[in-house]
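Reader: Hi! I'm in my first year and still learning to read structures. Could you take a close look at one part with me?

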Amino acid sequence: MNETVANYKKMVQAFWTEKEPKQKRWLIVGLALIILFIAALTYFSTRQHFVPLYSQLSLQETGQIKETLDSKGISSRVSKDGMTIEVPENRVDALKVELAAEGIPQSGSIDYSIFSESSGFGMTDNEFSVMERAAIQTEIENLIKNIDGVQNANVMITMPSESVWLNSAQEAATAAVVLDLKYGTQLDTDRVRGLYHLISKSVPNLPIDNIVISDQNFNSYSFENASNGDSTLAAFEQQRSIQREIEQDLTRNLQQMLGTMIGPDKVVISVTTDIDFTQENRTEQLVEPVDEENMEGIAVSVERISEAYTGEGTVPEGGTAGTGEGIPNYVEGAGNENSEWERTEDRINNEVNRINRDIIESPYQIRNIGLQVMLEPPEGMDTLPAQQIADVQGILGTIIRTTLPEVDGQALSQEEINSKIIVTSQQFAGKAAQEEPATIAAIPTWLYVLAVLLAVIIIVLVLLLVRNRKREQLEAMVEEQEVNSIASEETKVPELPTEGSGPAHEKRKQLESMAKEKPEEFSKLLRSWLSED
């Protein structure tokens, strides 16, 4: 074992001593980065993420749950207010089931389950009444907690005792409720009325007038105020919603149309409307002639009566019959003499058009519209061409003309339409930036970036090491070949004479001087000779 360790130690020392200082620095940096990456990965992978197990607990319930978790050896954390307890995320579901099976948390409140647990013959009527009232209070509190915005509720009910006398009037119950609302929550009229009806129907003989509701800040909620203000508030909200919807529809349509013509980011539109929400219901009973030219109706029935008389008698005072001036059957004079007279009467029953109308006017009517449009010209231009602005005004004028009703049967004039339109063209100084919703990630983004950088650095270091190793092996092979070739040349080529004169002596001196002064060129020369051979 010691020899193996010593051999590995020698190999490491040999590997380290063979490296250049620059390579040693790169190895140290790479090793440090690898260690840092492994440490960060280990930290984030083994770190426990705590999530709430129970919220809105009382201090008694929090202590009970904390004690149970500690006895099981489960790590947990309690919030600063003591109302929330957190456990590791992978244990939440299992712990809820386990604690529920053990009956934890035990709030100490009395509900209807106590009757099944402690039912027996030893309970008196007073004990039963007290437990029944406590159970009703607890159930009402649980119902109120389900309302959005209510954190907790305390209910106190007073129930009168039943009288044994038949002729005695039964007293009504009373209830007082204190709500613990979330910060910033305001109960609207619908929820207030719902609370009153919920409490009234949950307790026998409890009228709404005997219920008092307030919050933790001593703000009282009255049923009368909620009922009286409901119609006015609802009407206002409905009218405001209708007006907003009309303005948004007009803005959206104009934005789509003008954005296609000029550019979606070069148009800003503002639409204001004046809407009349007066609603009129009336009944009209009209009578019209059938023949409008002669103003006559249709003769449904015609009755003609003719009477004639001849004989002696008293002529009616006023003259002889038939002698009036332009008047038929006119009687003139008086006295006892022979008389004649006749009378003709036509009774015509005409029928006309009878029209009954029950008219319900529209619930709202647009009385006025204002269109404000700002256009941004292209780069290099201070304003859009006049013809293009005129086209935009014409489009807006058509929309106003078709939207607004006629006044006394007359359409709007062009001057009236132009007074409701404003179109400007100029460079925009700035635009409101829209906030993008923040995304919550389990692992931070910088950790991914760090992992990618470390991976790139490790790959680069490995490539450098492989490249250096191959280069060292190639240089060793070249040196070995040079040595072998030089040795073979020494055996084949005769030695140059050390003394004397002649060309061989001169070459020897030149080679020796080159080997001493310029060893690199001398080695290149030898390599070229070897390659030629």
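Before we zoom in, what does the accessible surface of the chain come to, and what percentage of it belongs to carbon and sulfur atoms? After that, please walk me through the open sheet of 4 strands and what packs on it.

Author: Happy to! Keep in mind that this is a predicted model. The chain has an accessible surface of about 39,000 Å², and carbon and sulfur atoms hold 53% of that. Of its 533 residues, 21% are buried. The secondary structure adds up to 13 helices and 14 strands, and among contacts with a separation of 6 or more, 67% link residues 24 or more positions apart.

Now to your sheet. Its 4 strands lie in the order 4-5-6-7, the sheet is open, and the pairing is mixed. Look at the edges: strand 4 (150-158) and strand 7 (220-221) each have a single partner strand, so one side of each has no neighbour in the sheet. Strand 7 runs antiparallel to strand 6 (residues 211-215), and 2 bridges join them. To find this pairing on your screen, start at S214, whose bridge partner in strand 7 is S220.

Next come the helices. Helix 6 (residues 125-145) packs on the sheet and touches strand 4 and strand 5 (174-181). The direction of helix 6 makes about 150 degrees with that of strand 4. Helix 7 (residues 189-202) also packs on the sheet, where it touches strand 5, strand 6 and strand 7. Its direction makes about 135 degrees with that of strand 6.

For another view of strands, try strand 8 (residues 267-276). In a regular strand, side chains alternate between the two faces of the sheet. Along strand 8, V267, I269, V271, T273 and I275 point to one face and are buried. V268, S270, T272, D274 and D276 point to the other face and are not buried. Strand 8 is joined by 10 bridges to strand 13 (residues 365-375), and the two run antiparallel. One place to see this is V268, with M374 as its bridge partner in strand 13.

Finally, visit the surface. There, W26, V452, V456, V460 and L464 form a nonpolar patch with about 420 Å² of accessible area together. Helix 11 (residues 445-492) gives the largest share of the patch, 4 residues. W26 sits in helix 2 (residues 21-46), and its relative accessible area of 41% makes W26 partly exposed.

Conventions. Residues are numbered from 1 along each chain as its sequence is written. This is a predicted model: local features need pLDDT of at least 70, side-chain atom pairs count only at pLDDT 80 or more; totals for chains, interfaces and linings use all residues. Side-chain values use heavy atoms; hydrogens and water are left out. Two strands pair if DSSP finds at least two bridges between them. Contact means heavy atoms within 4.5 Å. Axes are lines fitted to C-alpha atoms, for helices over the stretch in contact, and angles run from 0 to 180 degrees between N-to-C directions. Patches are made of residues with over 30% relative accessible area and no salt bridge: like charges are joined within 9 Å, nonpolar side chains (Val, Leu, Ile, Met, Phe, Trp, Tyr) within 5 Å. Accessible areas come from the Shrake-Rupley method with a 1.4 Å probe; for residues, only the protein chains shown count as cover. A salt bridge is a side-chain nitrogen of Lys or Arg within 4 Å of a carboxyl oxygen of Asp or Glu. Buried means under 20% relative accessible area, exposed over 50%, partly exposed in between (1.4 Å probe, protein chains only).
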